[in-house]
Amino acid sequence: MSYISLKKKATVALLCLVSFTVGCILTTKLHSPQSFQMPSGLASLQASRLDLGKRIRGQRLKDNSKNVTESNADMYADHREASVDDERALTDQNETDIFTDYTYDTDKEAVSANSHAVAQPVSKHHYFVEVSDPRAGLILKKVISKLPRNLLRSVVFGKKIFDERELSLLGSKKAPTVSLQKKWAALTEGMREVGYEQRLPVVINIGVKKSGTNAFGFFISQHPQIVHSIGNEVHYFDWNYGKGIEYYRSRMGFSKANQFTFEKTPRYFITPDAPKNILKDLPSNVKFVICVRDPVERAKSDFRHEAELAMRRGKKDRVAVRTLARSETPASQGEKFEQTVLDKNGNINLSSDIISASVFSKHFKNWLEHFPRDRFYILSDEKVNKDIYTEMKNIENFLGLEPFFERNMFFYNREIHAPCMKVEPRPCPAKSTPGFLPKAEPSPEVIQKLRNFFRPYNQEFEKLTQMEFSWTNL
């Protein structure tokens, strides 16, 4: 054997030893809790992530002058005396793709698999892997921002899906040119290896708009078995059905086999083809929650919501918008409301979406043509405000969830006249309407005309649901 050959082998052996030593040092550093640093681009997002260890179960919040935790006996006394608040926090999110909180809580207590959840087969043809979608980066950043640190370390950084710079710029115009399709493929594969997959929903809140859907999504998402969709409203069965079922699946949160994927889009309730397509495309055990409230108050709230959207649309100067809004009064908004809900002859405008959405029986009959009554839980706004705990326990039973909600988790917020929950970082549902426009005050004559119009539909809805509502015969 030549001297050169021996020298080469010795050199290779030495390099291997050095590489092994460096690798051990780096591994130790990476997995050390003291040395792990959150990338600057995600630090602010991760700081607000809801961690189960921070949940306050049974612990009273500190009282202040506007927000008092009361005993169960008098919790809702002030609310029963308060006037109706059209835009309280118990309203649904605007029909846009504003993202809201959902989490992957790997630290949550283990739950039994003895439930109604069914693990859905996951397609290998992920939408964001197969399709170059302009929103792929934004949605990917949202997914990663909600990952707990252990999954962030093991999947995102451990598999080198992103480095710190790429991650901080992801979804922005300054983002470096990277193959988001490859990134999505790596993420889904990495999550699958640790037991998480994107599954089609088995629980859908289908409506009704401005009836408390946003609040319901907030409360139900606190349950350890519930995994929220990516984004507050997906709008697949009304606006995006042409993109295909794999697009819909790609908009669901990553879940384990014993968890329930939840989605909320209020427009589904009034979309004629939604029940037919859901029956065709989704798991056979899918269940629905329908939030309802006084149809007249719902219509007024819907009008204000849309009026504020129209005023903000295309305008970046929020101060100018609010200044313009100050010229409006309850009376001027009431006149505009009347022009919206009445036709030129002074009759109820049946073509108005604001009116149509309040005709609950018409839309519910369409859903009952495709699903039996026992697939629906009707969540009444008045019952939510009276006793949110009982309603959430009923929904636990309806869905087959493990027991989680306890009465002392909830409290009544006097400032917003609505129930909230003892969770961090935000105890109350987010408002879906800024509320810079005054509430419309239509004339008593128009209110009575609306009452007369909705009354027969309300009575029909009572029969269909086998429930009673305080506003049925007003």
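Two rings of Phe, Tyr or Trp form an aromatic pair if their centres lie within 6.5 Å, the six-membered ring being taken for Trp. The model on display is a predicted one, and this tour follows its aromatic rings.

**First stop: the cluster.** Select F288, F360, F364, W367, F371, F376, F461, F469 and W471, which together make up one aromatic cluster. In the structure as a whole there are 31 aromatic pairs.

**Second stop: Y127 and F128.** Among those pairs is the one between Y127 and F128, with 5.1 Å from centre to centre and 80° between the planes, an edge-to-face arrangement. Y127 has a relative accessible area of 9% and is therefore buried, the limit being under 20%. F128 is also buried, at 0% relative accessibility.

**Third stop: F364 and F376.** Return to two members of the cluster, F364 and F376. Their ring centres are 5.2 Å apart and their planes meet at 85°, so this pair is edge-to-face. Colouring by secondary structure will help here: F364 belongs to helix 16 (residues 360-368) and F376 to strand 7 (residues 376-380), and the pair links distant parts of the chain, 12 residues apart. Are these two rings buried or exposed? F364 is buried, at 0% relative accessibility, and F376 is buried as well, with a relative accessible area of 3%.

**Last stop: lysines over rings.** Select K243 and Y247: K243 lies over the face of Y247, 4.5 Å from the ring centre. Then select K287 and F398, where the charged end of K287 sits over the ring of F398, at 4.8 Å from its centre.

Methods:
Residues numbered from 1 in each chain as written. Predicted model: local features only at pLDDT ≥ 70, side-chain atom pairs only at ≥ 80, totals over all residues. Heavy atoms only, no water. Phe/Tyr/Trp six-rings, centres within 6.5 Å; stacked < 30°, edge-to-face > 60°. Buried < 20%, exposed > 50% of the residue type's maximum accessible area, 1.4 Å probe, protein only. Helix = DSSP H or I, 4+ residues; strand = E, 2+ residues; numbered from the N terminus. Lys NZ or Arg CZ within 6 Å of the ring centre and 35° of its normal.
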